[in-house]
Protein chains: 2
Amino acid sequence: MNGQDAELVMTFEDGTPLYLQVAQLLQRLIDGGTYPVGTLLPPESDLAQQLSVSRHTIRQAIGQLRQRGVLSARKGVGTRVEAPEDDWRSRFSANSRGGLFDFARSTELHFKHRQMTEVRGNLAADMGVRPGRKFLHLSGPRYYSGDKNPFCVNEVFLEPRLKEVVENIDILRVALFTLVEASTGERVKEIQQEIRAVHLDEVQAGYLGRNQGDLGMRLSRRYLGSGSRLLEYAVQYYPGDTFAYHTTLSST
Amino acid sequence: MNGQDAELVMTFEDGTPLYLQVAQLLQRLIDGGTYPVGTLLPPESDLAQQLSVSRHTIRQAIGQLRQRGVLSARKGVGTRVEAPEDDWRSRFSANSRGGLFDFARSTELHFKHRQMTEVRGNLAADMGVRPGRKFLHLSGPRYYSGDKNPFCVNEVFLEPRLKEVVENIDILRVALFTLVEASTGERVKEIQQEIRAVHLDEVQAGYLGRNQGDLGMRLSRRYLGSGSRLLEYAVQYYPGDTFAYHTTLSST
DNA sequence: TTTCAGTATAAGTACGAACATAAGGGACGG
DNA sequence: CCGTCCCTTATGTTCGTACTTATACTGAAA
């Protein structure tokens with residue numbers, strides 16, 4: 001007879017869908033320790049009753065958290081808490097082995113080109129914006145501080161209104177999105193990252209000391225603000241023979 | 001009044017859920033050119049009526065194909081075909097244990113080869129074990145449930161003592177490490193994942209419908225038990241032209 | 001003590017219905 | 001000719017209900 005969980009109340013009834021509100025509530029309860037990692041959530045039907053929503057809505061909410069890897073479900077058993085809120089701000093630098101992703105202090109991005117571009121075709125599709133939209137396009141090699149040869153080639157696309165953020169910057173030693181956040185006051189809510197294999201083009205190969213057509217890895221990131229608004233889009237190219245992307249999934 | 005689309009009939013009523021059958025049907029119709037890339041699918045309500053299923057089931061089916069990147073939907077407009085025909089664009093997102101679990105359940109791994117091998121050289125180094133150690137080596141293609149063509153080639157290395165875990169299994173529909181956990185009673189504490197770009201060898205290319213030397217992605221995972229003991233090592237090869245590895249880092 | 005069958009549980013699947021909301025198009029007036 | 005408003009369309013959200021199936025537990029039989 002667990003009569004202790006009386007704090008299950010939905011708050012703020014704004015325009016966000018109910019199932020997202022439920023998902024956020026569950027996330028808060030998980031982070032807050034009400035549902036510790038490794039334990040089972042109450043059954044869907046119980047949650048539905050306690051929150052006065054339909055089981056279908058609960059399932060949608062749980063589906064969200066399952067997609068993010070926070071929950072996992074098994075028929076006949078229940079829904080298990082797999083991970084606390086994934087704290088990407090720490091993982092961002094933590095999943096780098098050899099400091100490949102340590103943007104903050106150990107690398108330098110040298111902007112060699114900057115221009116306004118209309119994005120279209122594949123690029124527009126990758127960015128998730130309408131073809132024809134204008135962006136400020138910056139590009140250049142990235143060095144380990146003090147190194148002579150770059151280990152990575154960068155491309156960055158910024159909204160035109162953020163022009164003055166990078167106006168006077170030729171060498172960047174911090175994560176660009178922190179500057180964007182500081183300038184706009186808008187917080188980056190989500191980063192969507194994509195990794196794929198590519199052939200290096202002539203320019204990239206030149207920077208990286210490889211030959212055109214050699215194996216490479218392309219790592220792109222979409223920085224989204226509130227309302228899935230694209231604030232920044234960045235692409236990095238690495239030589240395929242030396243680069244590997246490492247992640248550790250621990251179950252605590 | 002388009003009275004031409006009379007070929008919308010569901011076949012084989014086996015144990016697979018209805019919404020997956022619908023998803024496969026839609027995929028076939030897309031590949032077959034009935035719904036060309038770039039065009040809009042008929043409205044959900046029309047599809048539901050034509051197939052004599054509920055709109056809810058149609059939405060589940062469409063949801064599957066949206067997850068794979070085959071379809072995209074916009075409110076008030078419709079559902080658009082995004083992927084080129086006969087390109088089953090594999091999108092794989094897994095940044096958690098639960099993600100791997102769900103991934104394995106919507107796919108099938110067919111074991112084609114199984115043998116004892118002594119690992120050495122690069123492989124031993126990647127696995128993090130002494131060269132010369134013996135492992136049970138299984139390999140084969142992986143399919144989306146119901147698909148004809150594999151989207152991935154798998155290799156699995158297991159400790160010899162876990163032989164009976166896969167003894168009678170030819171088609172695997174769950175995450176292998178859960179079987180290992182169940183058999184040994186030892187919980188997987190950590191999964192170390194590595195992604196790199198490769199050229200496909202002849203066998204891999206054959207399975208994936210590509211040519212030898214084509215661009216590919218290699219995704220390896222080390223499943224560690226307590227005390228950093230290697231329980232399982234798995235490698236997956238994907239075609240580089242259609243495969244992308246996605247991660248979402250959200251801050252809410 | 002072990003094994004097996006039955007039962008309870010909880011997620012999965014599938015139906016139906018209704019309303020909300022975004023997009024696009026067309027009518028209408030300026 | 002152009003912008004505004006409204007209506008239609010199609011997906012999104014939310015409720016309700018019922019049944020299926022995998023899993024675990026329990027209790028009886030061997």
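Here a biologist and a modeller talk through a predicted model of protein chains and DNA strands.

Biologist: Before we start, how do you know which residue and which chain a label refers to?

Modeller: Residues are numbered from 1 along each chain as its sequence is written, chains are lettered from A and ligands numbered from 1 in the order in which they are written, and side-chain values use heavy atoms, with hydrogens and water left out. Because the model is predicted, local features need pLDDT of at least 70 and side-chain atom pairs count only at pLDDT 80 or more, while totals for chains, interfaces and linings use all residues.

Biologist: Thanks! What makes a residue count as near DNA strand C?

Modeller: One of the residue's heavy atoms must lie within 4 Å of the strand. For DNA strand C, 25 residues surround it, and the closest are A:Glu44, A:Arg55, A:Arg59, B:Leu18 and B:Thr57. Of the strand's atoms within 4 Å of the protein, 72% belong to sugar or phosphate and the rest to bases.

Biologist: Why is the pair between A:Arg59 and a phosphate oxygen of DNA strand C called a polar contact?

Modeller: A polar contact is a pair of N or O atoms within 3.5 Å; within protein, one must be able to donate a hydrogen and the other to accept it, and residues adjacent in sequence count only if both atoms are side-chain atoms. A polar side-chain atom of A:Arg59 is 3.0 Å from that oxygen, so the pair meets the cut-off. Chain B takes part too: a backbone N or O atom of B:Tyr19 lies 3.0 Å from a phosphate oxygen of the strand, and a polar backbone atom of B:Ser54 is 3.1 Å from one.

Biologist: And which residues are closest to DNA strand D?

Modeller: They are A:Leu18, A:Thr57, B:Glu44, B:Arg55 and B:Arg59, out of 25 residues that surround this strand. Sugar and phosphate make up 70% of its atoms that come within 4 Å of the protein. A backbone N or O atom of B:Glu44 lies 2.8 Å from a phosphate oxygen of DNA strand D, and for A:Ser54 the corresponding distance is 3.1 Å.

Biologist: Which element gives the most to the surface near DNA strand D?

Modeller: That is α3(A), with four residues. Helices (H or I, at least four residues) and strands (E, at least two) are DSSP runs, numbered from the N terminus. Chain A has seven helices and eleven strands.

Biologist: How do you know that A:Leu71 is buried?

Modeller: Buried means under 20% relative accessible area, exposed over 50%, and partly exposed in between (1.4 Å probe, protein chains only). A:Leu71 has 0%, so it counts as buried. This residue lies in strand β1 of chain A. Among the residues that A:Leu71 touches (heavy atoms within 4.5 Å) are A:Ile30, A:Leu41, A:Ile62 and A:Val81.

Biologist: What makes A:Cys152 buried?

Modeller: Its relative accessibility is 0%, which is under the 20% limit, so A:Cys152 is buried. B:Cys152 is buried as well, with a relative accessible area of 0%. Across chain A, 47% of the 252 residues count as buried.

Biologist: How many disulfides are there over all chains?

Modeller: The count is zero, where a disulfide is a pair of cysteine sulfur atoms within 2.5 Å.

Notes. Lists of a residue's contacts leave out its neighbours within four places in sequence.
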